[in-house]
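Open the structure in your viewer and keep the selection tool at hand. Each stop below says what to pick and what is there.

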Amino acid sequence: MRIRRPVPRQLGFTLFEVAISTVLVTFGVVSVMVLMPQGIKAQQIARFQIHAAVMMQNITRQMTAPAQQHFNVTVESEKLSDNLYLNRAMASLENIADGSNLGVAPVPLALCQRIDSDQGEIQRIIAGGGRLYYNLPGGPPQGLVMGFVGLPQQNALPNHPCLAWPYWDQHPCMVSAWERKNWELNQSTWPGFAELKILFDNHPHFKSTTTPAASTVTLANWQLYRTLTQALVRAVAAETDSGLTTRITPAGLVLDPPIAFPAPLTPDGAWNITSEAQRRNVYPKPYVVWAASHLAHAAAYGTAGVRVGATTTPATADEIRYARETYESCRQWVARAVAADPYDWGVARQTAQQSAFDFPLLQHDLFPAGGYPFFEDSLSDAVVVPPEPPRKDRAWRVVAPRTVKNYGQARGMYGTGPGSLPALPANKPNIDAGWGDPNHFHLTRRFDPSERMRQVVFWSVDWQSYEDFETLPAPAHDASMGFKDSYGIQLSADWWGVNLPERNRYWTTLARNQTAGAIRGANGGNQTYDATCDTQAYKEGFFMGIHGADRNGNGRVDRGPMPASARLRATLVARFTIYDRVLMGELRH
């Protein structure tokens with residue numbers, strides 16, 4: 001009997017099932033395709049955040065770097081309105097970004113005005129006078145831009161515009177021309193000018209501006225030098241209620257070191273000074289310190305190996321002991337003066353002694369009124385390069401927490417090119433007339449930390465997609481980036497020392513087929529001023545960036561696909577809070 005086995009049933013999908021499957025697969029593929037741009041964007045933002053963090057580290061490093069920087073430029077001037085470079089030495093966020101060390105440059109203002117952001121933050125920065133900054137080619141992505149939220153602080157000045165105090169000297173020392181002039185300017189309150197004048201004017205082999213010839217440094221001249229410095233010490237010690245004591249040793253007169261600090265301290269931490277004699281020992285007069293320094297120098301001059309000017313006779317034991325005693329007295333007087341009052345500018349600081357009191361606190365008086373109006377330049381006594389430009393300069397006055405005293409005049413040079421001056425004109429009257437209202441000084445007032453906090457904000461935006469991103473002019477820069485003052489006097493090299501971050505990439509002409517750096521910056525970029533610098537074409541293409549810049553660094557002018565009428569929206573990448581200090585933060589090394 002045969003058994004019939006059932007035929008296996010053929011299984012399969014119905015058309016309905018196939019349709020459902022197709023829909024599900026399509027949904028998955030589409031979902032992945034939709035998510036891919038978001039994933040790529042998230043990856044880009046993560047990459048930008050890393051770059052932003054590194055840039056922020058560079059900013060904080062430069063904020064804490066030495067602030068007392070003197071560039072290859074003039075740092076003191078005849079008048080308050082002549083000094084262009086005070087702003088450069090301030091370690092502010094704006095200065096760091098506007099310089100060339102961070103590797104960023106300002107985005108053209110017209111382009112910034114087309115960019116939107118959450119809560120209109122970018123537009124508020126621009127409306128408040130701030131800038132957006134992009135990364136120069138070769139650094140972080142150029143689509144990463146940054147700006148600073150919060151108002152900038154009023155920083156302390158790095159030095160007085162007319163006097164780059166402090167000056168330093170090696171104590172003990174000979175008389176310098178600057179000291180002699182300072183003594184002359186203050187002779188109404190400084191005794192001993194007649195003795196100092198004889199010491200400086202009649203004995204050129206013992207002053208700091210002359211290298212003594214071996215034939216003039218004789219034993220007789222050295223003994224006369226020592227005698228004249230002793231006369232100077234006697235003159236300053238003879239002042240009424242000077243508090244100074246001298247004694248006679250076998251080798252000559254010695255000015256005793258200052259007395260010990262009086263005790264106890266008053267409740268506010270001041271010394272309990274009960275007499276003018278004590279005060280002059282705690283806060284020594286500049287002329288006392290100078291006299292002690294010159295006496296010690298004269299005593300030491302004849303004790304090196306063999307007696308000066310002789311070939312066989314060594315210094316005596318009394319002379320060596322005398323040199324040691326005068327040196328110890330000088331050292332203590334100098335140390336006392338350096339630590340006593342940073343607003344007494346009468347004696348140079350000791351080069352070999354580090355002090356936290358070298359730099360006084362100074363600031364501009366930004367609210368001139370009443371008896372303290374703007375300082376205005378007077379053309380009647382100005383030094384000009386013909387033809388005299390028709391203008392009137394203004395400047396803010398300078399304020400300090402207390403009266404600055406015993407200063408003289410600047411000793412620096414002024415200018416480095418045609419029309420420059422061999423030395424600054426006498427400017428003590430301008431310093432006298434340049435002090436502002438002391439009630440406006442506020443650097444030491446109490447403040448809440450929030451007052452000094454600002455934010456560095458980073459965004460992602462494709463600003464190079466605009467059609468004119470390389471043809472828009474470079475943003476304007478202030479006078480501190482110039483190399484001439486308003487009189488036309490050249491104060492620094494044209495290319496070297498002028499830190500405009502885009503300058504190498506400026507298009508030199510309207511043809512936009514060559515960059516300024518490829519021409520002027522050749523051979524190291526240290527070219528100095530020449531007649532070309534005064535032409536209109538040079539100013540437009542090499543200094544102001546009127547024709548735009550090669551902002552993507554490919555050597556040719558590019559135009560993006562987006563018209564200038566369109567707007568872009570920036571995506572927030574990162575936000576960092578930073579403390580914006582106002583005081584200098586370094587000691588002298």
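Two strands count as paired when DSSP finds at least two bridges between them. Keep that in mind for the first stop; note too that this is a predicted model.

Select strand 3 (residues 133-135) and strand 4. They pair in the antiparallel sense over two bridges. Pick Tyr-134: its bridge partner in strand 4 is Val-145.

Now show strand 4 alone, residues 144-149. Five of its six residues are buried, so the rest of the structure largely encloses this strand. Add strand 13 (residues 453-460), which runs antiparallel to strand 4 and is joined to it by six bridges. Val-149 has its bridge partner, Gln-455, in strand 13.

Stay on strand 13 and select Phe-458. Its relative accessible area is 0%, so Phe-458 is buried. Phe-576, in contrast, is partly exposed at 24%.

Next, the core. The largest nonpolar core has 70 residues, and Trp-183, Trp-290, Trp-345 and Trp-435 have the most contacts inside it. Helix 9 supplies its largest share, ten residues. Select Trp-183 and look around: among the residues it touches are Trp-190, Phe-193, Leu-232 and Trp-290.

Trp-290 also belongs to an aromatic cluster with Trp-165, Tyr-167, Trp-178, Trp-345, Tyr-407 and Trp-435. Zoom in on Trp-178: the charged end of Arg-411 sits over its ring, 5.4 Å from the centre.

Last stop: the aromatic pairs, 18 in the whole structure. Select Phe-261 and Trp-271. Their ring centres are 4.4 Å apart and their planes are at 5°, so the pair is stacked. Add Arg-336, whose charged end sits over the ring of Phe-261, 4.1 Å from its centre.

Key: Residues numbered from 1 in each chain as written. Predicted model: local features only at pLDDT ≥ 70, side-chain atom pairs only at ≥ 80, totals over all residues. Heavy atoms only, no water. Buried < 20%, exposed > 50% of the residue type's maximum accessible area, 1.4 Å probe, protein only. Helix = DSSP H or I, 4+ residues; strand = E, 2+ residues; numbered from the N terminus. Core = buried A, V, L, I, M, F, W, Y, C linked by side-chain atoms within 4.5 Å. Contact = heavy atoms within 4.5 Å. Phe/Tyr/Trp six-rings, centres within 6.5 Å; stacked < 30°, edge-to-face > 60°. Lys NZ or Arg CZ within 6 Å of the ring centre and 35° of its normal. Lists of a residue's contacts leave out its neighbours within four places in sequence.
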